[in-house]
Structure formats: C-alpha cells, structure tokens
Amino acid sequence: MTDAPAAVVAEGLTKSFGAFTAVDHLDLSIAAGEVVGFIGPNGAGKSTTIRMLCALLRPTAGRAMVAGYDVVRQAEQVRGHIGYMSQKFSLYGDLTVAENLRFFAGIYRVPRALYDQRREFAISMAGLEGREDALVRTLAGGWKQRLALGCAILHRPPVLFLDEPTSGVEPQARRLFWELIHRLAAENVTILVSTHYMEEAEYCNRIALIDHGRLVALGSPGVLRHHELGGVLVSFACTPLGAGREALRDAPGVAEVAIFGDELHVVLTKGGLAAADLPGFLAARGITAGPARPIEASLEDVFVRLVAGRATNPPSGAHGPP
C-alpha cells in the first residue's frame, strides 16, 4: 500500500473565511487503492477539506493534487476523475431508481455504449433488482445510500470522496456499505471517507484525525491505539460516575479521564497515581470505586485523548463560526 503512487496529495492546504481558519496547513498523502478514514469533532474542517479536494472550494493557501490534477488550475479535470457523496442524501426522491441513474450518467458523461452495463452494476450493488421503477423517496435508508454510491461511480472514477455517507443509517446497512467500499478499493479505487462512527474507522487502512482544522494524528488503527495515548489506560467502575470523573480531572498523573458506559477510562502517566491507588484516592472523597485494570485502547479512547487535550487550548485563529 505505501509503495503505490499517491492518488491524493495535499501540501499546506489552508482555507480561511475572514478571521476564521477552517483548515490550517494540512498535509496528507493517500496511495492508490487506499481507504483513509477522516475523523474529528463537528466543525473540525473535514467537509471543508473534502470540498477543496473535490475542486468545489478554492484553497486560501497551499496546494493539492487529485488523480494527478491540480485542484485549482485543473478543477474540471479533477471533477471528471472523482466520485463524491455528500453527508446529505443527494438523489432525487421524486424520480425512480432508473431515472436517477440515467440522470447521473448524463451528468458524468457515461458513454451510451457503456450505460446499460454500468446501470446494471449499480442496481445489483444497491440490491435493487426489481425495484428500478420505485420512487427513491420510498426506499429504506440503506438502499438509498448504496444507490447514491452506485450513482457516484457510474463513470468509474479512480478517486472517491465520501462525506459521512452512513450518518443516520442502521448498523446492518452500514456494514453492507463498507463491504462495497472494500470491493472498490480492491479495484484500486482510492477512497477518503469521513465518519463519526469509531467502529467504522477500524475498517480503514489509515485514519487521519483532524481537529480545529489541523491534522493531529495519522496512522493505521493499530498504530493509533498503541502509540497515541501517552500513558497506561485503565478501566474501573465507580459510584457516582460523574463525581469520580471530576475528582480525577486534576489528580496527579492523570492525563485523561472519560466516562465509557458504566465505567471510567483513565490514562495514567509516570510519577503520579498508580492503578492500585485509584480506589483509595476516590474513597477519601466519598466515592466508591472498584479495582482498576489495564485495558487495550480503542479508537474512541485515542479520539477523546487527542481532541480533549486540545479543546481547552485551541490553536490561534480556530475560533469563529461553525
């Protein structure tokens, strides 16, 4: 994967709206056939970055190449070599499945000689055989989602941008959608997908975490889980949870504390409290706690650690409208 030529390259990519910097000197390289997950809190700059890479929004500074074309100087060529799905459903509800496919085939200038084959592939991929004449607004969310993907790849683009494509879709439909993504990647399609579902990020070859417009972590799920916490992660039950979290926020050696279900996850660093000290520390403050046990970090733990650590001290220029 790392030896493949880069299909997407961003160098110092920046977008400002007045005094507000939405994307701040972002560097990113994505190889052909790679699936990269784009994660970050709301307003972090994910959608703005994708829109610049799609040549829909002109960068304030920096440069980007997509499928070998410059997003500023060769915007039309970029748009002709990408597929794009927005976070809002983009098909036409009052048209049928077949009519939507015909419309997007025209937009993407699919040759007439290839249309029937591409149409049948999209219908099969979406699982809509026999529903070609159904109005799109009558379809369940998972079918709509797969149909939108089918429309986005009718012209066989080498690069695909998916902006939170599974938002609001049931888990089973999300799983089927990711199976389609990996089928496309196996055909050397490069995919950048933004998501707020941590379990989906696990399906990616690499994850790019963006916060306040800056890339704060980049690596495989395994690398991020094992190297980004900066301490030992422990988990334990306590009552009440909220009081336990507040008591530990400023405790010595506690780098991060967060509620996960009915337990606390705490990142401990050297020179402060050890795992065995936590129950006694909390008991002295009227909080009942069970024994703390080391656990393997999840991507959600990494996300909380990296983003929460920046939330109290955001970069200069990061404040502004959403």
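Here a visitor and a guide talk through a predicted model.

Visitor: Let's start inside. Which helix gives the most residues to the largest nonpolar core?
Guide: That core has 36 residues, and Val35, Leu101 and Leu147 are among those with the most contacts inside it. Elements that give two or more residues include helix H3 (97–107), helix H5 (141–152) and strand S7 (159–163). The top giver, with six residues, is H6.

Visitor: And how many residues are in the other core?
Guide: Look apart from the largest core and you'll find another one. Ala7, Phe20, Leu28 and Leu192 are among its members. Its total is 30 residues.

Visitor: Now the open sheet of six strands. Which strands stand at its edges, and why is one side of each left without a neighbour?
Guide: Read the order across: S6-S7-S8-S3-S9-S10, with mixed pairing. A strand at the edge has a single partner strand, so one side of it has no neighbour in the sheet. The two strands placed that way are S6 (82–85) and S10 (214–219).

Visitor: What is the bridge partner of valine 159 in S8?
Guide: S7 and S8 pair in the parallel sense, over five bridges. Follow valine 159 across to S8 and you land on its bridge partner, threonine 190.

Visitor: Helix H1 packs on the sheet, but what angle does its direction make with that of S7?
Guide: H1 covers residues 46–53 and touches S3, S6, S7, S8 and S9. Compare its direction with that of S7 and you get about 155 degrees.

Visitor: Let's hunt for rings. Are the planes of tyrosine 92 and phenylalanine 103 stacked or edge-to-face?
Guide: Tyrosine 92 sits in the loop between S6 and H3, while phenylalanine 103 is in helix H3, eleven residues apart. Their ring centres are 5.3 Å apart. Planes over 60 degrees apart count as edge-to-face. Here the planes are at 80 degrees, so the pair is edge-to-face.

Visitor: Is tyrosine 92 buried, exposed or partly exposed?
Guide: Buried means under 20% relative accessible area, and exposed means over 50%. Tyrosine 92 has 42%, which falls in between. That makes tyrosine 92 partly exposed.

Visitor: What about threonine 96, buried or exposed?
Guide: Threonine 96 also lies in the loop between S6 and H3. It touches Glu132, Asp133, Ala134, Leu135 and Val136, leaving out residues up to four places away in sequence. Its relative accessible area is 12%, and the cut-off for buried is under 20%. So threonine 96 is buried.

Visitor: Which charged residue lies over the face of phenylalanine 121?
Guide: Two rings are worth finding here. Lysine 15 lies over the face of phenylalanine 17, at 5.4 Å from the ring centre. For phenylalanine 121 the distance to the ring centre is 4.8 Å, and the residue over its face is arginine 156.

Visitor: Last one! Which residue takes a positive phi in the hairpin of S4 and S5?
Guide: Two bridges join S4 to S5 (residues 69–70), and the strands run antiparallel. One bridge matches methionine 65 with aspartate 70 in S5. The hairpin has two residues between the strands, and the one with a positive phi, near 55 degrees, is alanine 67.

How values were computed:
Residues numbered from 1 in each chain as written. Predicted model: local features only at pLDDT ≥ 70, side-chain atom pairs only at ≥ 80, totals over all residues. Heavy atoms only, no water. Core = buried A, V, L, I, M, F, W, Y, C linked by side-chain atoms within 4.5 Å. Buried < 20%, exposed > 50% of the residue type's maximum accessible area, 1.4 Å probe, protein only. Helix = DSSP H or I, 4+ residues; strand = E, 2+ residues; numbered from the N terminus. Pairing = 2+ DSSP bridges. Contact = heavy atoms within 4.5 Å. Axes fitted to C-alpha atoms, helices over the stretch in contact; angles between N-to-C directions. Phe/Tyr/Trp six-rings, centres within 6.5 Å; stacked < 30°, edge-to-face > 60°. Lys NZ or Arg CZ within 6 Å of the ring centre and 35° of its normal.
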